[in-house]
Amino acid sequence: MPAGASQEYVQAWDPHVPGLREVFHARFVDHAYPPHTHGAWTVLIVDSGAVRYALDGHEHGALGPVVTVLPPKVTHDGRSA
């Protein structure tokens with residue numbers, strides 16, 4: 001967690017790397033994402049903790065450290081587990 005950060009935080013930036021649109025690093029305890037989609041492949045990296053998400057109506061989980069790939073235009077949500 002960045003120095004001086006609260007229990008939850010979000011950092012997002014443009015990596016200026018061809019083919020990558022955004023890098024997003026966060027720590028969520030209570031936050032949950034409602035169902036949504038992405039227009040491109042999304043790489044989900046859990047470096048610690050755990051994430052639960054419904055992808056196309058099926059429950060999934062990721063326990064860090066792990067890398068997960070989410071397909072474009074497929075509805076999913078997300079929350080801490």
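The following exchange asks how several labels in this predicted model are earned.

User: What are the ground rules for the values?

Analyst: This is a predicted model, where local features need pLDDT of at least 70 and side-chain atom pairs count only at pLDDT 80 or more, while totals for chains, interfaces and linings use all residues. Residues are numbered from 1 along each chain as its sequence is written, and side-chain values use heavy atoms, with hydrogens and water left out.

User: Why is Ala40 called partly exposed?

Analyst: Its relative accessible area is 22%. Buried means under 20%, exposed means over 50%, and partly exposed is in between, with a 1.4 Å probe and protein chains only. Ala40 at 22% therefore counts as partly exposed.

User: Where is Ala40, and what does Ala40 touch?

Analyst: Ala40 is in the loop between strand 3 (32–36) and strand 4 (42–46). Strands (E, at least two residues) and helices (H or I, at least four) are DSSP runs, numbered from the N terminus. Leaving aside neighbours within four places in sequence, Ala40 is in contact with Arg21, Leu70 and Pro72. Contact means heavy atoms within 4.5 Å. Arg21 is 19 residues away along the chain, with 8.8 Å between the C-alpha atoms.

User: What makes Phe28 and Tyr33 an edge-to-face pair?

Analyst: Two numbers decide. Rings of Phe, Tyr and Trp (its six-membered ring) pair if their centres lie within 6.5 Å; planes under 30 degrees apart count as stacked, over 60 as edge-to-face and the rest as tilted. The Phe28 and Tyr33 centres are 5.7 Å apart and their planes are at 80°, so the pair is edge-to-face.

User: Why is the pair of Phe24 and Phe28 called tilted?

Analyst: The structure holds 2 aromatic pairs. For Phe24 and Phe28, the values are 6.4 Å centre to centre and 40° between the planes. The distance passes the pairing limit and the angle falls in neither the stacked nor the edge-to-face range, so the pair is tilted. Ring pairs link Phe24, Phe28 and Tyr33 into a cluster.

User: Are these rings buried or exposed, or in between?

Analyst: In between. Phe24 is at 39% relative accessibility, Phe28 at 25% and Tyr33 at 33%. Each of these counts as partly exposed.

User: How do you know that Asp77 and Arg79 make a polar contact?

Analyst: Their side chains are joined at 3.1 Å. A polar contact is a pair of N or O atoms within 3.5 Å; within protein, one must be able to donate a hydrogen and the other to accept it, and residues adjacent in sequence count only if both atoms are side-chain atoms. The 3.1 Å value is within the limit, so the pair qualifies. Asp77 is in strand 8 (residues 76–80). A polar atom of the Asp77 side chain also lies 2.6 Å from the backbone nitrogen of Ala54.

User: Which backbone atom does the side chain of Arg27 reach?

Analyst: The backbone oxygen of Gln7, at 2.6 Å. Arg27 is in strand 2. Arg27 is partly exposed, at 32% relative accessible area.

User: What makes His16 and Asp56 exposed?

Analyst: His16 has a relative accessible area of 69%, and Asp56 has 56%. Both values are over 50%, so both residues count as exposed. His16 is in the loop between strand 1 (9–13) and strand 2. Asp56 is in the loop between strand 5 and strand 6.

User: What is notable about phi in His16 and Asp56?

Analyst: Phi is near 55° in His16 and near 55° in Asp56. Each is a positive value in a residue other than glycine. Most residues other than glycine have a negative phi, and most peptide bonds are trans.

User: Which peptide bond is cis?

Analyst: A cis bond joins Gly64 and Pro65, with omega about -5°. Pro65 is in the loop between strand 6 (58–63) and strand 7 (66–70).
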